[in-house]
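Here are some exercises to work through with the model open beside you. Try each task on your own before you read its solution.

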Protein chains: 2
Amino acid sequence: MTQEPPPVPSGRIGYLLARAGGRAIRNLNRALEPYGLRSRHYTVLSASAEHGGLSQRELGLVLGADPSAVVALVDDLQRKGLVRRDPHPEDRRTRLVVVTEEGARTLAETRKLARGVDDELLADLGPAERRTLEELLLRLR
Amino acid sequence: MTQEPPPVPSGRIGYLLARAGGRAIRNLNRALEPYGLRSRHYTVLSASAEHGGLSQRELGLVLGADPSAVVALVDDLQRKGLVRRDPHPEDRRTRLVVVTEEGARTLAETRKLARGVDDELLADLGPAERRTLEELLLRLR
DNA sequence: TATTGTTATACTCTATAACTATA
DNA sequence: TATAGTTATAGAGTATAACAATA
């Protein structure tokens, strides 16, 4: 019976990122279950709110997801009354995803859950280390 | 037409991790295509080689995957002759996943690809920053 | 009783191609 | 011709439950 902790493949930053990221996503999914939402819904909601409305193409870029995947996510949020699809003032092809008042309320509540998941993930890091990590992550390609 | 780069939801380290990790995984999958392998196969190969043989249960912990998912991955690698399932000397339930000579050769080649994916991801970071990032990632829960 | 590996299965995610309406 | 959104669909990935062999 082996007792050692599982080893980690050397020189694989991508692997470490994906493993920790996957864990964070799974934890947030679990936390969002009572709302009938998943982490990607939260990201759509959060990104739309911060920008005051985003096209679905832009949301795809934020999520790193295919536009076809965005459609289903926005459908879900719209069905729950958390976002609207407004016409774009200049381009009639484009539809702006705008957070409703109820969406803003849900966002405020779920943001706490998202922060909680991050706090758990980063529990062993100090505030300065946490900032360093975030800064480095933002500079990845 | 909006010209700004897509914004990132604030205070979401888990999100940043998952996004960068997902990109790294996709890039490695693409690079491994000529070998008929995917990034999870590479991780199994790499972890087994470093430890000199791992049980499938341990591989599941390394991958952060269900044991049932490990079975299929090891099946694939065994079919290609890159790993063997050896009996465990002390526990007859357990089967040790051991890298074959051909597996070691494939690992040496694909390791270069994995390093290349990491290098691309980290192109904007200096060596010290890169070490810092890796160290912080290893301390995440 | 608990654990390792296995199978089957269902569900989610992701990726692709084709279509429409607009530009 | 190119782009935004949409639909349908196939393929990966993930999770769960049940089972046999072994502890």
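## Exercise 1: the sheet of chain B

In this predicted model, chain B holds an open sheet of three strands in the order β1-β3-β2, with antiparallel pairing. Task: work out which strands stand at the edges, and what that leaves on one side of each.

Solution. Start with the ends of the order: β1 (54-55) and β2 (83-87) of chain B are the edge strands. Each has a single partner strand, so one side of each is left without a neighbour in the sheet. Next, look at how β1(B) is held: two bridges join β1(B) to β3 (residues 95-99) of chain B, and the two strands run antiparallel. To place the register, find Leu54(B), which stands opposite Val97(B) in β3(B). Finally, add the helix: α2(B) packs on the sheet and touches β1, β2 and β3 of chain B. The direction of α2(B) makes about 95 degrees with that of β3(B).

## Exercise 2: chain A, from elements to packing

Task: list the elements of chain A in order, then find which strands of chain A helix α4 lies across.

Solution. Begin with the inventory: chain A has six helices and three strands. Read from the N terminus, the elements run α-α-β-α-α-β-β-α-α. For the overall extent, the C-alpha atoms of chain A fill a box of roughly 60 × 35 × 30 Å along the principal axes.

Now assemble the sheet. The three strands form an open sheet in the order β1-β3-β2 (chain A), with antiparallel pairing. Here β1 (54-55) and β2 (83-87) of chain A are the edge strands, each pairing on one side only. Two bridges join β1(A) to β3 (residues 95-99) of chain A, and Ser55(A) stands opposite Leu96(A) in β3(A).

The last step is the helices. Helix α4 (residues 67-79) of chain A lies across β2 and β3 of chain A, at about 115 degrees to β2(A). Helix α2 (residues 39-51) of chain A lies across β1, β2 and β3 of chain A, and runs at about 95 degrees to β3(A).

## Exercise 3: describing the interface

Task: how much area is buried between chain B and chain A, and which elements of chain B give two or more residues to its side of the contact?

Solution. First, the area: about 5,700 Å² is buried between chain B and chain A, and carbon and sulfur atoms give 58% of that. In chain B, the residues that lose the most area to chain A are Arg12(B), Ile13(B) and Arg141(B), together 13% of what that side buries. Second, the residue count: the contact takes 61 residues from chain B and 61 residues from chain A.

Third, the polar side of the picture: 20 residue pairs are in polar contact across the interface of chain B and chain A. Fourth, the elements: α1 (13-32), α2 (39-51), α3 (56-63), α5 (101-121) and α6 (127-138) of chain B each give two or more residues to the side that touches chain A. Of these, α1(B) gives the most, with 14 residues. By class, that side of chain B has 30 nonpolar, 11 polar and 20 charged residues.

## Exercise 4: salt bridges between the chains

Task: how many salt bridges are there between chain B and chain A, and why does the pair Asp118(A) and Arg12(B) join two chains?

Solution. Take the whole structure first: a search finds 18 salt bridges over all chains. Then restrict the count to chain B and chain A, which gives six. One pair to inspect is Asp118(A) with Arg12(B), whose closest N and O atoms are 3.7 Å apart. Asp118(A) lies in helix α5 (residues 101-121) of chain A and Arg12(B) in the segment before α1 of chain B, so the pair joins two chains. Another pair is Asp124(B) with Arg141(A), whose side chains meet in a salt bridge at 2.9 Å, N to O.

Definitions and conventions:
Residues are numbered from 1 along each chain as its sequence is written. Chains are lettered from A and ligands numbered from 1 in the order in which they are written. This is a predicted model: local features need pLDDT of at least 70, side-chain atom pairs count only at pLDDT 80 or more; totals for chains, interfaces and linings use all residues. Side-chain values use heavy atoms; hydrogens and water are left out. Contact means heavy atoms within 4.5 Å. Buried area is the accessible area (1.4 Å probe) that two parts lose on being put together, summed over both. A salt bridge is a side-chain nitrogen of Lys or Arg within 4 Å of a carboxyl oxygen of Asp or Glu. A polar contact is a pair of N or O atoms within 3.5 Å; within protein, one must be able to donate a hydrogen and the other to accept it, and residues adjacent in sequence count only if both atoms are side-chain atoms. Helices (H or I, at least four residues) and strands (E, at least two) are DSSP runs, numbered from the N terminus. Ala, Val, Leu, Ile, Met, Phe, Trp, Tyr, Cys and Pro count as nonpolar, Asp, Glu, Lys and Arg as charged, and the others, Gly among them, as polar. Two strands pair if DSSP finds at least two bridges between them. Axes are lines fitted to C-alpha atoms, for helices over the stretch in contact, and angles run from 0 to 180 degrees between N-to-C directions.
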